[in-house]
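Open the model in your viewer and keep the selection panel at hand. We will go from one whole chain to a pair of helices, one selection at a time.

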There are 2 protein chains.
Amino acid sequence: MGLAKTEMFTDEQNKISMFAKAFGHPARVAILQHLFKIDTCICGDLVSEIGLAQPTISQHLKELKNLGLIKGNVEGTSVCYCIDKDNWSNMKDIMAQFLDQDISSNSCC
Amino acid sequence: MGLAKTEMFTDEQNKISMFAKAFGHPARVAILQHLFKIDTCICGDLVSEIGLAQPTISQHLKELKNLGLIKGNVEGTSVCYCIDKDNWSNMKDIMAQFLDQDISSNSCC
DNA sequence: ATATATTATCGTAATATTGCAATGAAACAA
DNA sequence: TTGTTTCATTGCAATATTACGATAATATAT
């Protein structure tokens, strides 16, 4: 069906999977890494940096923006995209809670 | 196209996105959380715990197993699934490197 | 006004993902 | 053997994702 049954899961589980889905494409990982690296960015840079077509990059940026992980300011004819620090930090806490679960030693495998 | 152009990205970027994709569905998040919680598990438990049909759970388990995040031992008629601790730890390091990037303060937004 | 530059949106094609009913495979019990 | 239990696999339908050409929208420059 291609449709996740989100209503049967907790808000936390849905939130984790939504953030994870955003990182589930190497282009978005590359975009975020580049935004961290230069800390100020316009989309044109990304198109030449990443190697995908401009509409494709624009679409990936839109997804990251909808999730709140980045924000963009219009500056003349171009748009300046950056990491949204507060939301990134918040996301990191949620993901860390999931990734850093303790593993006890009485495993059967 | 639905096809990610993995060849234009680094191994690290592809690895991050592959792990993230595994966490990109709430059912797999729930499965992993449950495996952490009880530390010994058979698939039957998960079907009643999660609420999806048995073939669906089995498919999600297969994906997690293929990535190496969990492993399964056959025990009579049932299969015992657990977290693969070494691989989980390794994945955590890779994800942390991505999530914990420093944000300098000369942002434009 | 016209041209240029930059980004967003639309439309479409190709592929991937999700979910489940039906069925298969393997181990065990009676 | 025959049935039961448990999990995997197959096959299919519905939806989502990815990518990009064409085009629109906006701001700036000449």
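Accessible areas here come from the Shrake-Rupley method with a 1.4 Å probe. With that in mind, select chain A and show its surface: about 5,800 Å² is exposed, and carbon and sulfur atoms supply 48% of it. Do bear in mind throughout that this is a predicted model.

Next, switch chain A to cartoon. You should find five helices and three strands, and if you walk from the N terminus, the elements come in the order α-α-β-α-α-β-β-α.

Now zoom out and turn chain A about. Its C-alpha trace spans about 60 × 35 × 25 Å along the principal axes. The radius of gyration is 17 Å, whereas a compact globule of 109 residues would have one near 13 Å.

Colour chain A by burial, and 44% of its 109 residues will show as buried. If you draw contacts between residues at least 6 apart in sequence, 49% of those in chain A join residues at least 24 apart.

For the last stop, select residues 85–99 in chain A and in chain B, which is helix α5 in each. How do these two helices run relative to each other? Their axes come within 11 Å and cross at roughly 175 degrees; angles over 145 count as roughly antiparallel, so α5(A) and α5(B) are roughly antiparallel to each other. Show side chains for the contact: A:Trp88, A:Met91, A:Lys92, A:Met95, A:Phe98 and A:Leu99 meet B:Trp88, B:Met91, B:Lys92, B:Met95, B:Phe98 and B:Leu99. Coloured by type, the residues of this contact divide into ten nonpolar and two charged, with no polar ones.

Notes:
Residues are numbered from 1 along each chain as its sequence is written. Chains are lettered from A and ligands numbered from 1 in the order in which they are written. This is a predicted model: local features need pLDDT of at least 70, side-chain atom pairs count only at pLDDT 80 or more; totals for chains, interfaces and linings use all residues. Side-chain values use heavy atoms; hydrogens and water are left out. Axes are lines fitted to C-alpha atoms, for helices over the stretch in contact, and angles run from 0 to 180 degrees between N-to-C directions. Helices (H or I, at least four residues) and strands (E, at least two) are DSSP runs, numbered from the N terminus. Angles under 35 degrees count as roughly parallel, over 145 as roughly antiparallel, 65 to 115 as roughly perpendicular and the rest as oblique. Contact means heavy atoms within 4.5 Å. Ala, Val, Leu, Ile, Met, Phe, Trp, Tyr, Cys and Pro count as nonpolar, Asp, Glu, Lys and Arg as charged, and the others, Gly among them, as polar. The radius of gyration is taken over C-alpha atoms; the globule rule is 2.2 Å times the number of residues to the power 0.38. Buried means under 20% relative accessible area, exposed over 50%, partly exposed in between (1.4 Å probe, protein chains only).
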